[in-house]
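Please find below a colleague's note on the charged side-chain pairs of this entry, arranged as numbered points.

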Amino acid sequence: MRFDRLHIPAFGPFTNLDIGFPEQGGDLQVIYGSNEAGKSSLLRAFRDLLFGIHGQSTDNFLHDYKELRIQGEVCNRAGEKLSFQRRKGNKNTLLDAGGNPLQDTSLIPFLGSVDQAYFSTMFGLGVRELREGAEELLRGQGDIGEALFSASMGGTPVQRVLAALTEESERLFKGRAVANVSIRPGAAKYREFLRQSRDAAVNPEAWEKIEREMAAAEANKAMLEEDILGFARDLEWIIRCEDALPTAGRLSEEMRKLAALPWMPDVSSDFVERTRAARKAADDAFAEVQRLTTQIAKMETQLASCRISPALLAEADALDRLHQDLGVQGDRKNSLIDLETELAGLET
């Protein structure tokens, strides 16, 4: 992988810094500058662009964390190119050139197996890393320190490492053997998977043909669905007509009977109710007439059976006066009772 371009909108001491790395003959690019010119910050920008800006990064002294942004363009040996950018955050920090999130695996075709530690050791040695590496050498620690210390002790630890590597290599691959090894069967499976992948792959021409056929099929499907909807509407209309046939037959028969009847005047909409009310009133009046007729006949019979007394009729005026005095006598009797009650109270 090589960098074609590095653009730093906001990171460390840089603002809108743009550096191109043209490929011209020998592919060696040298960036130099005086102390505090930003060489170490530029190195961190390369690293953070590839692997992410550290959560506690100190490169926010000029720009806020939310404004930190690094952009770059890279290519690999296969000729693939990628323009991407990195922002400060906890997730979705890898973005494409348009600012849309990219999968974290998008850089694998360019980085391969190189991780941040390997990159820092092999390509990102700054003053601090060099100083720490020298101290590890002095203490006989670290990868280089261990190798030098083993050599000084006669090579015994190195021999153990070689023996372990030899044992592991025989376990993985041993001549033409197939049993008790893992690489050869794995390679056979890999080749089989490649064959299956090639068999399952569809070339672009066939894929375009399938897409065209699918588009035509979709259009035909839409047309058929529209036809089906039309047929369904027609069928529903026919069903409604069939359901209405008995009613239409009865209507035709009633119209025929109505036409055979003699002419009658038009009546109001409440004619039936008013007719029923009139009939009921007539029936009630007829019953009342019958009742009164019966009562009149009874009274006439009683009248006919009555005997007339001339002497009693001669005293008609006296009888009227007596009838009137009867009312006065009742009032006075009531007054007497009241007076007697009052007298009894006074005596007490």
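The points below take up the salt bridges and where their partners lie.

1. The model is a predicted one, and a search of the whole structure finds 13 salt bridges. Three of these pairs are taken up individually in what follows.

2. Lys81 and Asp4 meet through their side chains in a salt bridge, with an N to O distance of 3.0 Å. Because Lys81 belongs to strand E4 (residues 81–87) and Asp4 to strand E1 (residues 2–11), this pair ties together parts that are 77 residues apart in sequence. Lys81 itself is exposed, its relative accessible area being 59%.

3. Strand E1 is also involved in a salt bridge between Arg5 and Glu73, in which the closest N and O atoms are 3.7 Å apart. Since Arg5 lies in strand E1 and Glu73 in strand E3 (residues 69–75), the parts that are tied together here are 68 residues apart in sequence. Arg5 is partly exposed at a relative accessible area of 26%, and Glu73 likewise counts as partly exposed, at 29%.

4. Arg195 and Glu192 form a salt bridge between their side chains, at 2.3 Å from N to O. Both residues lie in helix H7 (residues 183–200), where they are 3 residues apart, about one turn of the helix. Arg195 counts as partly exposed at 36% relative accessibility, as does Glu192 at 31%.

5. Finally, Arg2, Asp4 and Lys81 are joined into one network by salt bridges that share partners, so that the Lys81 and Asp4 pair of point 2, which links strands E4 and E1, should be read together with Arg2.

Definitions and conventions. Residues are numbered from 1 along each chain as its sequence is written. This is a predicted model: local features need pLDDT of at least 70, side-chain atom pairs count only at pLDDT 80 or more; totals for chains, interfaces and linings use all residues. Side-chain values use heavy atoms; hydrogens and water are left out. A salt bridge is a side-chain nitrogen of Lys or Arg within 4 Å of a carboxyl oxygen of Asp or Glu. Helices (H or I, at least four residues) and strands (E, at least two) are DSSP runs, numbered from the N terminus. Buried means under 20% relative accessible area, exposed over 50%, partly exposed in between (1.4 Å probe, protein chains only).
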